[in-house]
Amino acid sequence: MKLVFNSTGKLNGTGADVASAYEDDVNFAVADSVSGVSELWRYSYDWETSEVVVAYPGMTDPEAMVQLEADAAAEPSDG
């Protein structure tokens with residue numbers, strides 16, 4: 001599956017049609033998904049290395065979701 005990332009590395013869209021629309025736009029990166037990871041929230045893009053980054057590598061999607069929630073709970077709140 002094709003992935004499109006914006007200039008901050010966040011996933012902007014998926015699929016061949018979306019990828020072709022952004023292919024020539026220097027503000028977006030088009031890459032292939034990483035095999036074995038089905039949850040799109042785990043993908044980001046590192047512009048310095050031109051690589052797709054997977055959050056919580058080595059964990060299953062359910063394990064990664066639990067870790068994401070634990071990390072979010074540990075972050076200081078703005079209130």
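**Sheets, salt bridges and core**

Modeller: Three strands form an open sheet in the order 2-1-3, with antiparallel pairing. Strand 2 and strand 3 are its edge strands, each pairing on one side only. From one strand to the next the twist averages 30°, where axes are lines fitted to C-alpha atoms and angles run from 0 to 180 degrees between N-to-C directions. This is a predicted model: local features need pLDDT of at least 70, side-chain atom pairs count only at pLDDT 80 or more, and totals for chains, interfaces and linings use all residues. Residues are numbered from 1 along each chain as its sequence is written, and side-chain values use heavy atoms, with hydrogens and water left out.

Biologist: How do you know where a helix or a strand lies, and how many of each does the protein chain have?

Modeller: Both are DSSP runs numbered from the N terminus: helices are H or I with at least four residues, strands are E with at least two. By that rule the protein chain has two helices and five strands. Along the sequence they follow the pattern β-β-α-β-β-β-α.

Biologist: Why are strand 1 and strand 2 called paired?

Modeller: Two strands pair if DSSP finds at least two bridges between them. Three bridges join strand 1 to strand 2 (residues 11–14), so the requirement is met. Val4 has Gly13 as its bridge partner in strand 2, and Leu3 has Thr14. The two strands form a hairpin with five residues between them, and Gly9 in the turn has a positive phi of about 90°.

Biologist: What makes strand 4 and strand 5 a pair?

Modeller: Strand 4 and strand 5 (residues 51–54) share four bridges in the antiparallel sense, so they also satisfy the rule. Ser44 stands opposite Val53 in strand 5. Four residues lie between the strands in this hairpin, where Ser50 takes a positive phi near 55°.

Biologist: Why is the contact between Lys2 and Asp32 called a salt bridge?

Modeller: A salt bridge is a side-chain nitrogen of Lys or Arg within 4 Å of a carboxyl oxygen of Asp or Glu. The side chains of Lys2 and Asp32 meet at 2.9 Å, N to O, so the pair qualifies. Lys2 lies in strand 1 (residues 2–5) and Asp32 in strand 3 (residues 29–32), so this salt bridge ties together parts that are 30 residues apart in sequence.

Biologist: Which other pair forms a salt bridge?

Modeller: Arg42 forms one with Asp61, the closest N and O atoms being 2.6 Å apart. Arg42 lies in the loop between strand 3 and strand 4 (43–46), and Asp61 in helix 2 (residues 61–74), so the pair links distant parts of the chain, 19 residues apart. The search of the whole structure finds two salt bridges.

Biologist: How do you know whether the residues of these pairs are buried or exposed?

Modeller: Buried means under 20% relative accessible area, exposed over 50%, and partly exposed in between, with a 1.4 Å probe and protein chains only. Lys2, at 33%, is therefore partly exposed, as is Asp32 at 47%. Arg42, at 2%, is buried, and Asp61, at 15%, is buried as well. Buried residues make up 20% of the 79 residues in the protein chain.

Biologist: Which side chains of strand 4 are buried?

Modeller: The side chains alternate: Tyr43 and Tyr45 point to one face and are buried, while Ser44 and Asp46 point to the other and are not.

Biologist: What makes a set of residues a nonpolar core, and which residues make up the largest?

Modeller: A nonpolar core is a set of buried Ala, Val, Leu, Ile, Met, Phe, Trp, Tyr and Cys residues joined through side-chain atoms within 4.5 Å. The largest has nine residues: Leu3, Phe5, Ala29, Ala31, Val37, Tyr43, Tyr45, Val52 and Val54. Strand 1, strand 3, strand 4 and strand 5 each supply at least two of them.

Biologist: Which residues is Val54 in contact with, and what makes a contact?

Modeller: Contact means heavy atoms within 4.5 Å. Leaving aside neighbours within four places in sequence, Val54 meets that limit with Val34, Val37, Arg42 and Tyr43.

Biologist: Why is Met59 called partly exposed?

Modeller: Its relative accessibility is 30%, so Met59 falls between the two limits. Met59 lies in the loop between strand 5 and helix 2. Beyond its neighbours within four places in sequence, Met59 is in contact with Arg42, Ala64 and Gln67.
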